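Colleague: Before I accept the descriptive terms applied to this model, I should like to hear the reasoning behind each of them. Please set every value against its criterion.

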Amino acid sequence: MDLGAITKYSALHAKPNGLILQYGTAGFRTKAEHLDHVMFRMGLLAVLRSKQTKSTIGVMVTASHNPEEDNGVKLVDPLGEMLAPSWEEHATCLANAEEQDMQRVLIDISEKEAVNLQQDAFVVIGRDTRPSSEKLSQSVIDGVTVLGGQFHGMEIKSNERCCSFDGDADRIVYYYHDADGHFHLIDGDKIATLISSFLKELLVEIGESLNIGVVQTAYANGSSTRYLEEVMKVPVYCTKTGVKHLHHKAQEFDIGVYFEANGHGTALFSTAVEMKIKQSAEQLEDKKRKAAKMLENIIDLFNQAAGDAISDMLVIEAILALKGLTVQQWDALYTDLPNRQLKVQVADRRVISTTDAERQAVTPPGLQEAINDLVKKYKLSRAFVRPSGTEDVVRVYAEADSQESADHLAHEVSLAVF
Ligand code: 16G
Ligand code: ZN
């Protein structure tokens, strides 16, 4: 250990005197302004843990769903598991050591854990998009480098296909940055399009005419609905927001593909269809047999109990590979209409009730007429309001032919809600 360098860098990330924090359920979490020293020290600790385990250690800078002004950090052990409990204690000791005691605590930990300081160390650092996260993750990097560890800043190369899951892995979205640095989101609507068109092509190949339907919510981009209905000739149905509504509707078809724009979704196959495809895979010849076999395998890949981001990803990756599609070609199937979502605080969100799968407001009287009049002012436009089922707010959605129009329309509709 280069104690001189540690002292020098630690002073740049000095601990406020007397501040005590605890490594809790989700690591350290508090107001971002109190975390600089913790980040630096967790960088140091991650290096020691990496040297001890002779493996890569993860450091995640986030406070998840906490308010934006909060932040946090947790360490992740080599197999992706939570940090070992004895090291949680070390983390708390190190984070709370006053400036003059910090080095001694660091040496104590490496002695207690018999860390071979000559060992290489490798740390992967992740962070969210909070305003404070960039600087705080830089403090982690300072800690890692001062102890001679190597780190990896995840970086997305242009045109590279990426996908993300939400925390409980029941939502998935794909995305990429194009050569001009523009971000392209491939949401649940485009995933439903890819999956349903692939399934439809296989059915044509097999020579089966089964009824296949796509289920969406009011949040589905108008371009996706138009593409599915007009280009793909697949019937599209709209239900209320929430997986349970989509799932139950999708069960009405031989093959029901459902996705919310936010990435919740899967495909459901009736028992009769599954049997039929199995038979076809055994009885048919050549190309038809091959297509039936492929469909049989794809059916197995879906999680039909619930939308499952991991199995959705495997299905999508299989389809892209089989069709030889790049993420850009997939994205280019249609262009999303610019859209805007807003939320409005009202005294009682229950005064708004809706019908037609949340696309029309029934109460308060006059609201839907007002929305209709606003929508008429813009091209390719659509807007709706609905009370949130998860927060005490009313949600507003608007889409139109340009981002400016979508923004205006959403704003005007939100004023009509008051
Ligand atoms: C819940 C739903 C999600 C829906 C969201 C809408 C499940 C598993 N989750 O998270 O499907 O999109 O609520 O929230 O059904 P909101 O009513 O606040 O707009
Ligand atoms: Zn989820």
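Modeller: Let us begin with the metal site, bearing in mind that this is a predicted model. The zinc ion (ligand 2) has Asp166 (OD), Asp168 (OD) and Asp170 (OD) as its protein donors, at 1.9 to 2.0 Å.

Colleague: What makes Asp166, Asp168 and Asp170 donors of the zinc ion (ligand 2)?

Modeller: A donor is an N, O or S atom within 2.8 Å of the metal. The OD atoms of Asp166, Asp168 and Asp170 lie 1.9 to 2.0 Å from the zinc ion, and therefore they qualify. Along the chain these donors follow the spacing D-x1-D-x1-D. Because water is not among the atoms, such a site may look incomplete.

Colleague: Why is Asp168 called exposed?

Modeller: The relative accessible area of Asp168 is 55%. Exposed means over 50%, so the term applies to Asp168.

Colleague: Which residues surround ligand 1?

Modeller: The residues around ligand 1 are Thr241, Gly242, Val243, Glu260, Asn262, His264, Arg386, Ser388, Gly389, Thr390 and Arg395. This shell divides into one nonpolar, seven polar and three charged residues.

Colleague: How do you know that ligand 1 lies between domain 2 and domain 3?

Modeller: Domain 2 (186-331) and domain 3 (339-417) both contribute residues to the shell, so ligand 1 lies between them.

Colleague: What makes the approaches of Val243, Glu260 and Thr390 to ligand 1 polar contacts?

Modeller: The criterion is a pair of N or O atoms within 3.5 Å. A polar backbone atom of Val243 is 3.0 Å from an oxygen atom of ligand 1. For Glu260, an N or O atom in the side chain is 2.5 Å from an oxygen atom of the ligand. For Thr390, a polar side-chain atom lies 2.4 Å from a ligand oxygen atom. Each of these pairs therefore meets the criterion. As for cover, ligand 1 taken alone exposes 450 Å², and the protein buries 70% of that.

Colleague: How is the protein as a whole arranged?

Modeller: The domain assignment gives domain 1 (3-153), domain 2 (186-331) and domain 3 (339-417). The centres of domain 1 and domain 2, taken over C-alpha atoms, are 44 Å apart. The protein has 14 helices and 17 strands. Its C-alpha atoms fill a box of roughly 75 × 60 × 40 Å along the principal axes. Of its 418 residues, 47% count as buried.

Colleague: Why is Ser224 called buried?

Modeller: Ser224, in helix H7 (residues 222-231), has a relative accessible area of 0%. Buried means under 20%, so Ser224 is placed in that class. The side chain of Ser224 is joined to that of Gln216 by a polar contact of 3.1 Å.

Colleague: What makes Gln216 buried as well?

Modeller: Gln216 belongs to strand E9 (residues 212-217). Its relative accessible area is 3%, which is under 20%, and therefore Gln216 is buried. The C-alpha atoms of Gln216 and Gln22 are 44 Å apart in space, with their positions 194 residues apart in sequence.

Colleague: Why is Thr326 called partly exposed?

Modeller: Thr326 has a relative accessible area of 35%. The class covers values between the 20% and 50% limits, so Thr326 is partly exposed. Thr326 is found in the loop between helix H11 (309-323) and helix H12 (327-331). Its C-alpha atom is 9.3 Å from that of Asn159, 167 residues away along the chain.

Colleague: What makes the backbone at Asp286, Leu380 and Pro364 worth remarking on?

Modeller: Most residues other than glycine have a negative phi, and most peptide bonds are trans. Asp286 has a positive phi of about 45 degrees although it is not a glycine. Asp286 is found in helix H10 (residues 286-301). Phi of Leu380 is also positive, near 50 degrees, and Leu380 is found in the loop between H13 and strand E16 (382-387). The peptide bond from Thr363 to Pro364 is cis, with omega near 0 degrees. Pro364 is found in the loop between strand E15 (360-363) and helix H13 (367-376).

Colleague: How do you know that Asp286 is exposed?

Modeller: Asp286 has a relative accessible area of 64%. This value is over 50%, and therefore Asp286 is called exposed.

Methods:
Residues are numbered from 1 along each chain as its sequence is written. Chains are lettered from A and ligands numbered from 1 in the order in which they are written. This is a predicted model: local features need pLDDT of at least 70, side-chain atom pairs count only at pLDDT 80 or more; totals for chains, interfaces and linings use all residues. Side-chain values use heavy atoms; hydrogens and water are left out. A residue is near a molecule or strand if one of its heavy atoms lies within 4 Å of it. A polar contact is a pair of N or O atoms within 3.5 Å; within protein, one must be able to donate a hydrogen and the other to accept it, and residues adjacent in sequence count only if both atoms are side-chain atoms. Accessible areas come from the Shrake-Rupley method with a 1.4 Å probe; for residues, only the protein chains shown count as cover. Ala, Val, Leu, Ile, Met, Phe, Trp, Tyr, Cys and Pro count as nonpolar, Asp, Glu, Lys and Arg as charged, and the others, Gly among them, as polar. Domain bounds come from an automatic or database domain assignment. Donors are N, O and S atoms within 2.8 Å of the metal (3.2 Å for Na, K and Ca); water is not among the atoms, so sites may look incomplete. Buried means under 20% relative accessible area, exposed over 50%, partly exposed in between (1.4 Å probe, protein chains only). Helices (H or I, at least four residues) and strands (E, at least two) are DSSP runs, numbered from the N terminus.
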